[in-house]
Amino acid sequence: MSEHREFRAKSVDQAIADACRFFAVDRDGLEIEIVSGGSQGFFGFGARQAVVRAGRRRPAVALAVENRAERPDSGGARPEVAPMEEAPPQKPSADAAGRIREEAGMSEADSPEEDDGRDAAPGPMPEDEVRRLEACVREILPALLRPLCAGVRLDVDMTARPVAVRIEADDAEVLMSQDGQVIAALQYLANRIAARTCPGCPRIRLDAGDFRRDQETRLTEMALALAEKAKKTGKVQSTRPLSAFHRRVVHMALQDDGDVHTRSKGEGSTKRVLILPVRRSSGRGRRKHPNEQ
């Protein structure tokens, strides 16, 4: 079982940095729980340290399979050990899905779709590389999905960027559970494996049902609502932590709104989008941010 320890410092970032030094890994190599954000107090009085609980990450697939194997059947008896391909698919628990989300580097409800430049590779791929990548995708995904779903069928669009892979399965709802945390972890693993097998290949983006479309619709609606609130209150609004892909959805949703502007803030899995109201200066109609002097 992975060892977890508590770390205390003046700020959350400093406590996390202490944890990274203790475990001799970078931030992405840790499971981190923020116990307390701390407080600076009032003129130094009543100050409280930030507290985080941290431990080394465990592999996402191992956690999902471990959770599946430990779940008792409906009669209360533990199922017999069977070859992975013959084992009946079961939904991962919320706890296991949360650990999968952390292993994938996700925020609370989003996926690890960081922009590493692979989507913007200029020009079409050579035919032999296209065939090689498609063969890789069709080999990787059934192996990753086998512990979770039965009857897996893949629709692969090699012309899309990122490469679009639509998954159909008898138990596809498992992939969309926990707000898509499982499909996000699988996508992360598929991209890591594909990048090693086919260096320089475009990213792979997984979808099941209408999950991606519905998720982007919800993000756009959230962005518009926060923009309206920013304009009405005159105060900066913030999204929850989002992946690079979902931050881009928010930026794009508000790019034509002249009364607000957006920027990203934070580091790693805590990065979010700030929505700032624009104040018009008197006289020339120049747009001005409320914090601008």
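This is a short walk through the helices, strands and sheets of one protein model.

The model is a predicted one. The protein has seven helices and eleven strands. Of its 293 residues, 39% are buried. If we take contacts between residues at least 6 apart in sequence, 58% of them join residues at least 24 apart.

I will start with the sheet nearest the N terminus in my notes, the one built from S1, S2 and S3. It is an open sheet of three strands, and the order is S1-S3-S2, with antiparallel pairing. At the edges stand strand S1, residues 4–9, and strand S2, residues 30–36. Each has a single partner strand, so one side of each is left without a neighbour in the sheet. From one strand to the next, the twist averages 25 degrees.

Now the pairing of S1 with strand S3, residues 50–56. These two run in the antiparallel sense and are joined over six bridges. To find the register on screen, look for Ala9, which stands opposite Ala50 in S3. Helix H1, residues 12–23, packs on this sheet and touches S1, S2 and S3. The direction of H1 makes about 135 degrees with that of S1.

Next is the sheet made of S4, S5 and S6. This is an open sheet of three strands too, in the order S4-S5-S6, and here the pairing is mixed. Strand S4, residues 153–157, and S6 are the edge strands, each pairing on one side only. The twist averages 25 degrees from one strand to the next.

Where does the mixed pairing come from? S4 and S5 run antiparallel, joined by five bridges. Strand S5, residues 163–168, pairs with S6 in the parallel sense, over five bridges. Two reference points help with the register. Val156 stands opposite Val165 in S5. On the other side of S5, the bridge partner of Val163 in S6 is Ile204.

Helix H4, residues 127–145, packs on the S4-S5-S6 sheet and touches S4, S5 and S6. Its direction makes about 150 degrees with that of S4.

Let me stay with S6 for a moment. Is this edge strand buried or exposed? Five of the five residues of S6, residues 204–208, are buried, so the strand is largely enclosed by the rest of the structure. In a regular strand, side chains alternate between the two faces of the sheet. In S6, Ile204, Leu206 and Ala208 point one way, while Arg205 and Asp207 point the other way. All of these are buried, Arg205 and Asp207 included.

Last, a helix pair. Two packed helices are described by the angle between their axes and the distance between the axes. For helix H6, residues 211–233, and helix H7, residues 244–254, the angle is about 50 degrees and the axes are 9 Å apart. That makes H6 oblique to H7. The crossing of H6 past H7 is right-handed.

Which residues make the contact? From H6 there are Gln215, Glu216, Leu219, Thr220, Met222, Ala223, Leu224 and Ala227. H7 brings Phe245, His246, Val249, Val250, Ala253 and Leu254. By class, the residues of this contact divide into ten nonpolar, three polar and one charged.

That is the end of the tour.

Terms used. Residues are numbered from 1 along each chain as its sequence is written. This is a predicted model: local features need pLDDT of at least 70, side-chain atom pairs count only at pLDDT 80 or more; totals for chains, interfaces and linings use all residues. Side-chain values use heavy atoms; hydrogens and water are left out. Axes are lines fitted to C-alpha atoms, for helices over the stretch in contact, and angles run from 0 to 180 degrees between N-to-C directions. Helices (H or I, at least four residues) and strands (E, at least two) are DSSP runs, numbered from the N terminus. Angles under 35 degrees count as roughly parallel, over 145 as roughly antiparallel, 65 to 115 as roughly perpendicular and the rest as oblique. A crossing is left-handed if the near helix is turned anticlockwise from the far one by less than a right angle, and right-handed if clockwise. Contact means heavy atoms within 4.5 Å. Ala, Val, Leu, Ile, Met, Phe, Trp, Tyr, Cys and Pro count as nonpolar, Asp, Glu, Lys and Arg as charged, and the others, Gly among them, as polar. Buried means under 20% relative accessible area, exposed over 50%, partly exposed in between (1.4 Å probe, protein chains only). Two strands pair if DSSP finds at least two bridges between them.
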